[in-house]
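Me: I would like to learn how to read a ligand site and then the fold around it. Can we go through one example step by step?

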Amino acid sequence: MKILIIGHLGYVGPAVLDQLLKNKDYILTGIDTKYFYKKKFFEKYKNKITNIYKDVREINKKDLIGIDQIVYLAAISNDPMGNTFKKITHEINYKSAIKIAKLAKKNNVKKFIFASSCSIYGFTKNLTKSELSKLNPLTAYAKSKVLSEKKLKLISDKNFNVVCLRFATACGYSTNLRLDLVLNDFVASAIVSKKLQVLSDGSPWRPLIHIIDMARAINWAIDEKKIKKFISLNAGSNNMNYQIKDLAYNVSKLIKGTKVYINTKAFPDKRSYKVNFSKFEKLNKKFKPIYNLKKSIVDLKDNLIKKKFKTKNFRNSNYIRLNVLKKLVEKKILDKDMRWKNSI
Ligand SMILES: NC(=O)c1ccc[n+]([C@@H]2O[C@H](COP(=O)([O-])OP(=O)(O)OC[C@H]3O[C@@H](n4cnc5c(N)ncnc54)[C@H](O)[C@@H]3O)[C@@H](O)[C@H]2O)c1
């Protein structure tokens, strides 16, 4: 089976490659424009997959020859980046995904797996959101995912199946680590400063998923034969819904000496969503999530300590994806449309 992973050189990519490379029947190709690429992270995959360095906006029929399934991870992948680069977010996350899906359908690709997000539920006070709940996308990023899901549903048919995995907020150690994610930020802060500053009042709900479990969910979607046309599915675990303040207290419990500071005067975060993952838990028997909160914190802590992580001001560093993109644009290495000025 030939699988094309689009956007394989980001934070989640290495976990997906590690998971899919366990199956000797899969032949993997990756396409990515390498906004966050660092050679040493991807050395180990060099002879195991075919790498194509290309912008999704340039993908054509030739790139899809012989491909059986596509995993679409490419995105301007969070709210801060989406707010800064609204037009590009719409182009990459939505327009390109749809253009490629249409091309794939015409060229006999059988399945399209789209990385969607639970952030499309936006805000809920106490209600738990299921796949039947009303969507309330509050940001350019979330809006791009809703538009994509809607259009993909229309494109899907019995010969071209679409699986939209609405992932919870990712966490966990990656060889291409990012710290612009709530749990990763807390663990890194606790390690470098023993201080954990919660920027909101700590009340918002946020479901989490470890990147290894994201990769397992994708593996499930690839293998699953029962999907007949289209499915949108919350991907995560019911036991991974937490309020931000509880994430902080759990990190402080596991990293001794860490003090938690909650900004009680902050305006409550506009994004808060508690999500029901029962449908996913029922359908996905073979690749169930294996990371709970404790295991996710300990995994990241141990890896950061092993790597001698000491970047105190990591919130201003390249561990934050928005900083990387802003620098590339400011230095005019990327043009205003976020295409490389010189060849990749
Ligand atoms: N990280 C999370 O919390 C989370 C949660 C839910 C869903 N998701 C979704 O999962 C997917 C992967 O997330 P991630 O954290 O690895 O994101 P990431 O930003 O770390 O990686 C995305 C990759 O896509 C590539 N890309 C972006 N624009 C491109 C273009 N024009 N052409 C080719 N490649 C391009 C980037 O170079 C990067 O390697 C995204 O679609 C994201 O929206 C992530």
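Me: How do the residues of the shell around the ligand divide into nonpolar, polar and charged?

Reply: Sort each shell residue by its type and count the classes. In this predicted model, 17 are nonpolar, seven are polar and six are charged. In total, 30 residues surround the ligand, and Asp-32, Val-56, Leu-73, Ser-77 and Tyr-141 are the closest.

Me: Which polar atoms lie within 3.5 Å of the ligand?

Reply: Look for pairs of N or O atoms within that cut-off. Among them, a polar side-chain atom of Ser-77 is 2.6 Å from a ligand oxygen, and one of Lys-145 is 2.9 Å from a ligand oxygen. Val-56 uses a polar backbone atom, which lies 2.7 Å from a ligand nitrogen.

Me: How much of the ligand's accessible area does the protein cover?

Reply: Take the area of the ligand on its own, then ask what share the protein covers. Here the ligand alone has 820 Å², and 98% of that is covered.

Me: Which elements give two or more residues to the shell?

Reply: Map the shell onto the helices and strands. Strand 5 (111–117), helix 5 (140–155) and strand 8 (169–171) qualify; strand 5 gives the most, with three residues.

Me: What does the radius of gyration say about the whole chain?

Reply: Begin with the elements: the chain has 11 helices and 14 strands. Its radius of gyration is 19 Å, close to the 20 Å that the globule rule gives for 344 residues, so the chain is as compact as a globular protein of that length. Of those residues, 56% count as buried.

Definitions and conventions. Residues numbered from 1 in each chain as written. Predicted model: local features only at pLDDT ≥ 70, side-chain atom pairs only at ≥ 80, totals over all residues. Heavy atoms only, no water. Near = heavy atom within 4 Å. Polar contact = N/O pair within 3.5 Å; in protein donor to acceptor, adjacent residues only side chain to side chain. Areas by Shrake-Rupley, 256 points an atom, 1.4 Å probe, with all protein chains shown as cover. Helix = DSSP H or I, 4+ residues; strand = E, 2+ residues; numbered from the N terminus. Nonpolar A, V, L, I, M, F, W, Y, C, P; charged D, E, K, R; others polar. Rg over C-alpha atoms; globule rule 2.2 N^0.38 Å. Buried < 20%, exposed > 50% of the residue type's maximum accessible area, 1.4 Å probe, protein only.
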